[in-house]
Amino acid sequence: MTDRQLEIRKLASLPSYMVELEALTGRSVSADALLSVHETILLRDKLKQIPKEQVVRACIPFEALKSRAFTLMLDRLNTLNASPVALWLPKSSDCGLLQLPSIKEINFGFSFDLIPEGILVIATSDGLNRMLLDFSDEEDGQRSLEIELHGPHWAQATPPTC
Amino acid sequence: MLLLTLLFSLSGPAMGKHSDFEHSSFAAKSEGTTPRAARREAMRQDGIPTSQQPVSQSKNASGREYQYETPKPGGVTQTKSVQQQTKDSSHPGQGHWEAGTVKTDPVTGDVRMNNYGRPKLQNNKSEVDYDD
């Protein structure tokens, strides 16, 4: 892909991406705070090296993101690896990642419709761990959330169950 | 009296049939009442040209699935999927077609799959019901 094509994709995605980031962090975010696309690719390459078998999965209702059990899991993740984290949304590959000092700084009370793609990843900046949240409308009319914890540290945590 | 009762009993069903016929005529004219019309409408709502040929197709217990490659801003393509849902418990007795961009892991690019072994669609998918 040419630089021109990359720039077009970034310009198309940036306004809605900033809205998503501000809702997920609860504060205003400047485009200058985003990592470069090159830094984003470097982190992606590290994350892709996490062995496929180092994963735990759970499926819970989307509303359980606001539960005490989920908060306890976040505390456990922060204990297992307290590195800064990067918010990885579907538009991040085009626009650049936002790095935060801790997973505890993310607002997990976001609305279901905030991210129309229905998926996001939080990755440790050392590239060793990541948490994937995949939320969908189910056939029974409920909203579900699949949690995947990948990596040598975060896969030791126990995600909440229904 | 017997004659009047006979006439009344005959007129009732006749009126009902007339109503049903009117309803059927109206439904046949509207989009989304036949499976084919519903599929095409779902494709239109999601920006997939109905004239485009699928790059793959499959069939399982919940219905048919077609995949398309469509352009995205910046000159790249994305995979869209059009899926028939006949086992949706939130729409008992009514099938529907869904069309949307295939949901992928933003880091690895791996396609997310549902319990039926089909690609999951992004949440901003389109849905069109049809009459079974």
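The following paragraphs describe the fold of chain B, the first helix of chain A, and the contact between the two chains in a predicted model.

Chain B contains two helices and five strands, and the order of these elements from the N terminus is α-α-β-β-β-β-β, with both helices preceding the strands. Of the 132 residues in chain B, 25% are buried. Among the contacts in chain B that have a separation of 6 or more, 44% join residues 24 or more positions apart.

The five strands of chain B form an open sheet in the order β1-β2-β3-β4-β5, and the pairing is antiparallel. Because β1 (56–60) and β5 (126–131) of chain B stand at the edges and each has a single partner strand, one side of each is left without a neighbour in the sheet. On average, and with direction ignored, neighbouring strands of this sheet are turned by 20° against each other. At one edge, β1(B) is joined to β2 (residues 63–72) of chain B by five bridges in the antiparallel sense, and within this region N60(B) has G63(B), a residue of β2(B), as its bridge partner. Helix α2 (residues 35–45) of chain B packs on the sheet, where it touches β3 (76–85), β4 (94–101) and β5 of chain B; the direction of this helix makes about 165° with that of β5(B).

In chain A, helix α1 spans residues 3–25 and bends by about 45° at L14(A), with a proline, P15(A), following within four residues. The buried residues of this helix are R9(A), K10(A), S13(A), Y17(A), E20(A), L21(A) and L24(A), a set that includes the charged side chains of R9(A), K10(A) and E20(A). These buried residues of α1(A) pack against three elements of chain A, namely β2 (85–88), α4 (92–95) and β3 (98–100). Just after the helix, G26(A) adopts a positive phi of about 75°.

The two chains are in contact through 18 residues from chain B and 28 residues from chain A. When the residues on the chain B side that touches chain A are sorted by class, four are nonpolar, eight are polar and six are charged.

Key:
Residues numbered from 1 in each chain as written. Chains lettered and ligands numbered in written order. Predicted model: local features only at pLDDT ≥ 70, side-chain atom pairs only at ≥ 80, totals over all residues. Buried ≥ 20, exposed ≤ 12 C-beta atoms within 10 Å, placed from the backbone. Contact = placed C-beta atoms within 7 Å. Bend = angle between axes of the 7 residues up to and from the residue. Pairing = 2+ DSSP bridges. Axes fitted to C-alpha atoms, helices over the stretch in contact; angles between N-to-C directions.
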